Number of protein chains: 2
Amino acid sequence: MEIIYPTGSSCIEQLKHEEKDELFGSAQILDFKAGEVVIRKGSPVHDLYLLQTGTVELALDDTNSRQSLMLLFSGEIIGVNCAYSTMHYRFSARALSDCQVLIINYQLFTRLLESNPRFSMSFIQYISMVNENFLNWHMKLTERNSAGALAFLLSEFVKNYGQNTFEIPLTRSEMARVIGFSKESVLKNLADFRKQGIVESDGKKITILDYSRLQDISVYG
Amino acid sequence: MEIIYPTGSSCIEQLKHEEKDELFGSAQILDFKAGEVVIRKGSPVHDLYLLQTGTVELALDDTNSRQSLMLLFSGEIIGVNCAYSTMHYRFSARALSDCQVLIINYQLFTRLLESNPRFSMSFIQYISMVNENFLNWHMKLTERNSAGALAFLLSEFVKNYGQNTFEIPLTRSEMARVIGFSKESVLKNLADFRKQGIVESDGKKITILDYSRLQDISVYG
DNA sequence: TTAAACAGGTGTAAAATTACACCCCTCATC
DNA sequence: GATGAGGGGTGTAATTTTACACCTGTTTAA
């Protein structure tokens, strides 16, 4: 099986062959159905969850009430920022689509961090980058109006799926929660995008017709 | 001289005496006047800046145009998240009040991280916590209306200064930029708070009369 | 010493966003 | 096959926030 390593980091490559074998030899794949809770807020960190396929939503609670924190795509370690701070998850993770998650032993991972300085330095680099992305996501959304925020969200799907046509694994209400606007704002902006010929949409199936225009809206509103 | 170590972290305590002496023996204090740029966006990370006294504003650019990222108080390493990701500062830091900054040698710090696993594990814990605080700041602000956001900002000053009367080192426009609302919204909410007897304010001198009420507004709007 | 420039402040108009009402359609379920 | 829940969709009203206009007083620089 081909394992998808953490996106944008070479930390796993810093491990010696035997270390890598040890780490992934004990790892197992868990399957989650769309809608299932992958990580519950408040639970202790027992393992690291490396997302292989699917999309996951991070949120402050599992009640779907408040704005969600971020979306995670394949190659990301779910809640990595909590693993070495409070050792308890400070937010919940819910599968938006069917997901495969690689479960990595936390104790073993920690032991490798302690014994292999090249690995730990690369891991420091990795979590620094993850958190910059996290901050970036939030800055991008708070600076934008509803049209810009929706354009940003659609762009993220294009980037992570690598194609202009995709099934968006969120309802309109969920999209609203992710970008922090109301369901109606999402629907009206989506209608605008359709009228302007920027996107085609039929329910969850979305096609981006004019990506550069979408990028413009995502930057300038 | 008494050095203020990173807030909420024991990472410096993980160093042996001779390591600590080496790290701080070469360190020097730099003074910044209110308004001065401490770190310019895009510049390479040469040293670590440990804020000793004063308040610093992190922003995406130094033009004062967009919303600022966060405020830093004493005991925080300015831009620590950039030190081990891009190795270039991704945002600017400006002194809001007169500041004293302890300049720590980056190469030396990195060498200690590589040679002392206890130190590097504790540092991983530290940057994880810093980034959680960062995220927390943003969540708190984006979830709130203008009154809640202003209440949150005032609460942060109470917490970090440890007293109910203080000189806020920001103009009303700067306060607006920090919480992401307009100058008029800040002024009107501040006027409301005065009328309700929650705060007293005379220019930059602010006294919190009803802290628990302020907390309520900061949570429920 | 005089005029900008800037900070604090407030009322009102304009814009954006949300909330409400209601529509259609589909898909379970009784 | 009726029913009702849930999703997508849209117009309108209410609310929130911003933008504009304008006033005061203080500081700064010509």
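A polar contact is taken here as a pair of N or O atoms within 3.5 Å. In this predicted model, one such pair joins protein and nucleic acid at Ser182(B), where a backbone N or O atom lies 3.2 Å from a phosphate oxygen of DNA strand D. A further approach to the phosphates is made by Ser146(B), a polar backbone atom of which is 3.4 Å from a phosphate oxygen of DNA strand D. The bases are also reached, for an N or O atom in the side chain of Lys188(A) is found 2.9 Å from a base oxygen of DNA strand D. Two elements each give two or more residues to the surface near this strand, namely helix H7 (183-195) of chain A and helix H7 (183-195) of chain B. The greatest contribution comes from H7(A), which supplies six residues to the surface near DNA strand D.

Taken as a whole, the surroundings of DNA strand D comprise 17 residues, of which Arg172(A), Lys188(A), Asn145(B), Glu184(B) and Ser185(B) come nearest. When the residues of this surface are sorted by class, eight are charged, six are polar and three are nonpolar. On the side of the nucleic acid, 55% of the atoms of DNA strand D within 4 Å of the protein belong to sugar or phosphate, while the rest belong to bases.

The two protein chains also meet one another, and the contact takes 32 residues from chain A and 32 residues from chain B. The size of an interface is often expressed as the accessible area that is lost when the parts come together. Between chain A and chain B the buried area is about 2900 Å², and carbon and sulfur atoms give 66% of this area. Within chain A, the residues that lose the most area to chain B are Met121(A), Ile124(A) and Glu132(A), which together account for 20% of what that side buries.

Glu132(A) also takes part in a salt bridge with Arg90(B), in which the closest N and O atoms are 2.8 Å apart. In total, two salt bridges are counted between chain A and chain B, and four residue pairs, with both residues at pLDDT 80 or more, are in polar contact across the interface. On the side of chain A that touches chain B, the elements giving two or more residues are helix H2 (80-83), helix H3 (106-115) and helix H4 (117-142) of chain A. Of the elements on this side, H4(A) gives the most, with 17 residues. By class, the residues of the side of chain A that touches chain B comprise 15 nonpolar, 12 polar and five charged.

Technical notes: Residues are numbered from 1 along each chain as its sequence is written. Chains are lettered from A and ligands numbered from 1 in the order in which they are written. This is a predicted model: local features need pLDDT of at least 70, side-chain atom pairs count only at pLDDT 80 or more; totals for chains, interfaces and linings use all residues. Side-chain values use heavy atoms; hydrogens and water are left out. A residue is near a molecule or strand if one of its heavy atoms lies within 4 Å of it. A polar contact is a pair of N or O atoms within 3.5 Å; within protein, one must be able to donate a hydrogen and the other to accept it, and residues adjacent in sequence count only if both atoms are side-chain atoms. Helices (H or I, at least four residues) and strands (E, at least two) are DSSP runs, numbered from the N terminus. Ala, Val, Leu, Ile, Met, Phe, Trp, Tyr, Cys and Pro count as nonpolar, Asp, Glu, Lys and Arg as charged, and the others, Gly among them, as polar. Contact means heavy atoms within 4.5 Å. Buried area is the accessible area (1.4 Å probe) that two parts lose on being put together, summed over both. A salt bridge is a side-chain nitrogen of Lys or Arg within 4 Å of a carboxyl oxygen of Asp or Glu.
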